[in-house]
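Here are a few exercises to work through with the model open beside you. Try each task before reading its solution.

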Amino acid sequence: MSKQNQNQKQNQSQKRKKKENLGRIISKVTQEEMNEKIKEFNNKAGWEQSGSIPIPEKYIEKVEQTIPTFDSEEKEKEMENINKNKYANDCRRYWDIFYKRNTNKAFKNKNYIYDEWFKPLIEGEMCDKLPLTCLEVGCGTGALIYPVLRRSENSLKFIGFDLSDNAIEILKNDEEYDPKKVLSAFAYDIVKKELPEEIVKTNSIDICTLCFVLSAITPQNQLLVLKRLFSYLKPGGVLFFRDYARYDLSQVRFNQETSRIAEKLYVRVSGTLSYFFEKKEIHDLMTQAGFEVIECDYLHKEILNRKELLVMHRIWLIGKFRKPFKKQNENQNEKENEIENEKENEINEKEEEENEKENEINEKEEEKEKEKEKENSESEITEKEKVNLKIKENEKKIQNEQNGQNTEINTQK
Ligand SMILES: C[S@@+](CC[C@H](N)C(=O)[O-])C[C@H]1O[C@@H](n2cnc3c(N)ncnc32)[C@H](O)[C@@H]1O
């Protein structure tokens, strides 16, 4: 082995140890604390054991010390850093390499999802609309689609797409692949373009599933993706969400110096991205996209390593969101328009009234002016007549005088 390779290996193992140590510092407990945890867990009924438990404040405090929040200056640079980042710019390539290496072992089969998401809809609120069409976003190799299809019989049909060609190829080569149940599976980048209309029409999908996918998309594109998914759902359709949340074990394990490209965005060793959400963020993104929030919460589980006295905290965000029968924005816009129209009508009515009044006043003034004009013209006539009379009188006088002079001259003659 060359010296360069040796150094590289040493560096890598040092980094790994540093990461592991950080995780240990945060999750290490005493034997007594571990015994207490085991007792608590054993006292719970089976269904409670899989449920969420409150996130201990002590844990959050510890994590916050090791994962500092960004100040405003760092926040300003975030977008720029993401835009410049080669992993953020070339996601497709890294996901393709990832699936080539890991094939269909990349992600665990989601056997729990049918009971959590689909069963209540198939047996309950959507039972009269079967078979339902589900759009599985970022479906990978089918870790969600196949376990769900095994349980759903003929009540569900899937359309799945993923950024990676390799993932889709693996999905289609699976022995369970049945084109009658998986209507379409194709490689596609939902950030770049709307889905092809001939495969996914607007208002055509009953259920949309977004399972650990939004975290693989840069924060500046997340809202755009949700808006697109919103448009494909039928009014009343449901979107299920599950993804990484802030302070999850995996965030703690990231190398905070080299893997972090934004406050909550990291690059994995494979070159793929991972974002860690807060509840408010998802709540706001979904409502901005037009969804009604039915459920949105943290799911926290403790994983116990009894031998090494480690309590590991897995924290995810789970949610159920509905496309309202009428888009909320539309409702709001309609109300706003109605109010505006009413206001406009009121203003118009007032303006009309004022115009009428003005017209009346103008008419009256016009009449007055006409009368004045008449008066003036009458008086002008009398004035003229007077002048004419005077002129005539003067003319008569002059004539008389002249006549008088003539008679005088004649008598002198
Ligand atoms: C963490 S994996 C989850 C895979 C699968 N949903 C699961 O839970 O097993 C994230 C997946 O999202 C896909 N993905 C990331 N960005 C995408 C995009 N812009 N359009 C479509 N798929 C994308 C990736 O290729 C990858 O398969």
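**Exercise 1.** Over the face of which residue does Arg93 lie, and at what distance from the ring centre?

*Solution.* Before starting, note that this is a predicted model, where local features need pLDDT of at least 70, side-chain atom pairs count only at pLDDT 80 or more, and totals for chains, interfaces and linings use all residues. Residues are numbered from 1 along each chain as its sequence is written, and side-chain values use heavy atoms, with hydrogens and water left out.

Step 1: apply the criterion, which asks for NZ of Lys or CZ of Arg within 6 Å of the ring centre and within 35 degrees of the ring normal. Step 2: read off the partner; Arg93 lies over Tyr94, 5.1 Å from the ring centre. Step 3: look for another case; the charged end of Arg242 sits over the ring of Trp316, at 5.8 Å from its centre.

**Exercise 2.** Describe the aromatic pair of Phe98 and Phe107.

*Solution.* Step 1: recall the rule: rings of Phe, Tyr and Trp (its six-membered ring) pair if their centres lie within 6.5 Å, and planes under 30 degrees apart count as stacked, over 60 as edge-to-face and the rest as tilted. The model has 20 aromatic pairs by this rule. Step 2: Phe98 and Phe107 are 5.6 Å apart centre to centre with 35 degrees between the planes, a tilted pair. Step 3: check accessibility (buried is under 20% relative accessible area, exposed over 50%, partly exposed in between, with a 1.4 Å probe and protein chains only). Phe98 is buried at 13%, while Phe107 is partly exposed at 33%.

**Exercise 3.** Place strand E1 among its neighbours.

*Solution.* Step 1: locate E1 at residues 132-137 (helices, H or I of at least four residues, and strands, E of at least two, are DSSP runs numbered from the N terminus). Step 2: find its partners (strands pair if DSSP finds at least two bridges between them). E1 runs parallel to E2, residues 156-162, with 6 bridges, and Val137 stands opposite Phe161. E1 also pairs in parallel with E4, residues 205-211, over 4 bridges; there Leu135 has Cys208 as its bridge partner. Step 3: examine the faces; Leu132, Cys134 and Glu136 on one side and Thr133, Leu135 and Val137 on the other are all buried.

**Exercise 4.** Which residues of helix H4 are buried, and which are exposed on the other side?

*Solution.* Step 1: in H4, residues 57-66, Tyr59, Ile60 and Val63 are buried. Step 2: these three lie on the same side of H4, because they cover an arc of only 100 degrees around the axis (taken from the directions from the helix axis to the C-beta atoms). Step 3: Glu57, Lys58 and Gln65 are exposed on the other side.
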